[in-house]
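Please read the following walk through one protein model with the structure open beside the text. Each paragraph takes up one part of the fold.

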Amino acid sequence: MVQLVYQEPAFASDFRFFLRYEQTNARTEYLPHAHRWGQLIFVEGNVLQIEAEGKRLLTPAAFPVWIPPEHQHASYNHKHTRLLTFNIAVERCVGMPQQACLIQSGPIVKAIMADFAARQLHMPQTTADLRLCEVVLDQLLQAPVQESYLPRSDDKYLAPVLQALENHPGDNRTLAQWAKQVYTTERTLARRCQAQLGMTFSEWRQRLRFLQAISLLEQGMQVQDIALELGYSSSSALIVMFQQQAGTTPERYRARGRHVAA
């Protein structure tokens, strides 16, 4: 594993907004650090793991990560990854979340970021580009947030179930069967899922399988084999789940990842 120390750009304090583009090799870790500015991290192609103030954030490409000013964080990527960071001066971060989280950025933000990336814009030096940055900030201030794409729990009933599923994502036991396994009721376990995870048991398991599917795609496994590995009865069921989570099919996602690596 390669460990990197974050290098702060010399111009960072001189701009309301600036962008950085980075490509990191597989098994690369950025050691803990903090910024004087807020940072929105977009990931392309793979999944990024960020530890921020003791909290784990796993994010696929659809969910950028927000890191508030002065919040210590570290990141780790299992595979070759391309990152785009949209950085916001501390005085412009008023109204943004006070804790690290995922932000559900909409199509306007994604389109503007794609335009900036295509032009390799680092700093908005024209009034037109500055207006685009202001639009991005306005959109972010209104965007829904969530604590984590795949939250964890220390609950005595829920924690062992989640850990077992992380170890074996293809386990198809129902919520009722899991409840018996941990000596509680299905209703209790369902309530704990909503209270502790903010989602249903089936949604959490689907997200887990999505992340695992990405990993297996990166390893070159065939879609049919991935479906069987993750407990699906057919590849079409996996494809439907993947499209719901990523907005594209597994093979198109894999092809996009190869393009990023190239």
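Thr249 is a place to begin: its relative accessible area is 17%, and because buried means under 20%, Thr249 counts as buried. Bear in mind from here on that the model is predicted. Thr249 sits in the loop between α8 (235–246) and α9 (250–261). Which residues are in contact with Thr249, leaving aside its neighbours within four places in sequence? They are Ile239, Phe242 and Gln243. The side chain of Thr249 also has a polar atom that lies 3.2 Å from the backbone nitrogen of Arg252.

A second buried residue is Trp204, which is found in helix α6. Its relative accessibility is 0%, so Trp204 counts as buried. Not counting residues up to four places away in sequence, Trp204 touches Leu150, Pro151, Leu162, Leu165, Glu166, Leu197 and Met199. Take Leu150 from that list: Trp204 and Leu150 are 54 residues apart in sequence, yet their C-alpha atoms are 6.8 Å apart in space.

Leu197, another residue touched by Trp204, leads to helix α5. This helix covers residues 186–197, 12 residues in total, and reaches 16 Å from its first C-alpha to its last, close to the 16 Å expected at 1.5 Å a residue. Which residues of α5 are buried? They are Thr188, Leu189, Cys193 and Leu197. These buried residues cover an arc of only 140° around the axis, and therefore lie on the same side of α5. Arg187 and Ala195, on the other side of α5, are exposed. The buried residues of α5 pack against three helices, namely α3 (158–167), α4 (175–181) and α6 (201–218). Gly198 follows α5 and has a positive phi, near 75°.

Helix α1 can be read in the same manner. It runs over residues 107–119, and its 13 residues should span 18 Å at 1.5 Å a residue; the end C-alpha atoms are 18 Å apart, so the two values agree. The buried residues here are Val109, Ile112, Met113 and Phe116. They are on the same side of α1, because the arc they cover around the axis is only 100°. On the other side of α1, the exposed residues are Pro107 and Ala118. Among the elements that cover the buried residues of α1 are β2, β4, β9 and α2. Just after α1 comes Gln120, with a positive phi of about 50°.

The strands β2, β4 and β9 belong to an open sheet of six strands. Its order is β2-β9-β4-β7-β10-β11, and the pairing is antiparallel. At the edges stand β2 (17–24) and β11 (145–146), each of which pairs on one side only. Inside this sheet, β4 (residues 38–44) pairs with β7 (residues 65–67) over three bridges, in the antiparallel sense. One of the residues to look for is Leu40, whose bridge partner in β7 is Trp66. Helix α2 (residues 127–142) packs on the sheet and touches β2, β4, β9 (81–88) and β10 (101–103). The direction of α2 makes about 95° with that of β9.

There is also an open sheet of five strands, in the order β1-β3-β8-β5-β6 and with mixed pairing. The edge strands β1 (2–4) and β6 (55–59) each have a single partner strand, so one side of each is left without a neighbour in the sheet. On average, neighbouring strands of this sheet are turned by 20° against each other, direction ignored.

The pairs in this sheet can be followed one by one. β1 and β3 (residues 28–33) run parallel and are joined by three bridges. Here Leu4 has Tyr30 in β3 as its bridge partner. β3 in turn pairs with β8 over four bridges in the antiparallel sense, and Tyr30 stands opposite Ser75 in β8. Next, five bridges join β8 (residues 73–77) to β5 (residues 48–52), and these strands run antiparallel. Which residue of β8 stands opposite Ile50? That residue is Ser75. To trace these contacts in the model, start at Leu4 and step to Tyr30, then from Tyr30 to Ser75, and from Ser75 to Ile50.

Definitions and conventions
Residues numbered from 1 in each chain as written. Predicted model: local features only at pLDDT ≥ 70, side-chain atom pairs only at ≥ 80, totals over all residues. Heavy atoms only, no water. Pairing = 2+ DSSP bridges. Helix = DSSP H or I, 4+ residues; strand = E, 2+ residues; numbered from the N terminus. Axes fitted to C-alpha atoms, helices over the stretch in contact; angles between N-to-C directions. Expected span 1.5 Å × (residues − 1). Buried < 20%, exposed > 50% of the residue type's maximum accessible area, 1.4 Å probe, protein only. Arc of directions from axis to C-beta. Contact = heavy atoms within 4.5 Å. Polar contact = N/O pair within 3.5 Å; in protein donor to acceptor, adjacent residues only side chain to side chain.
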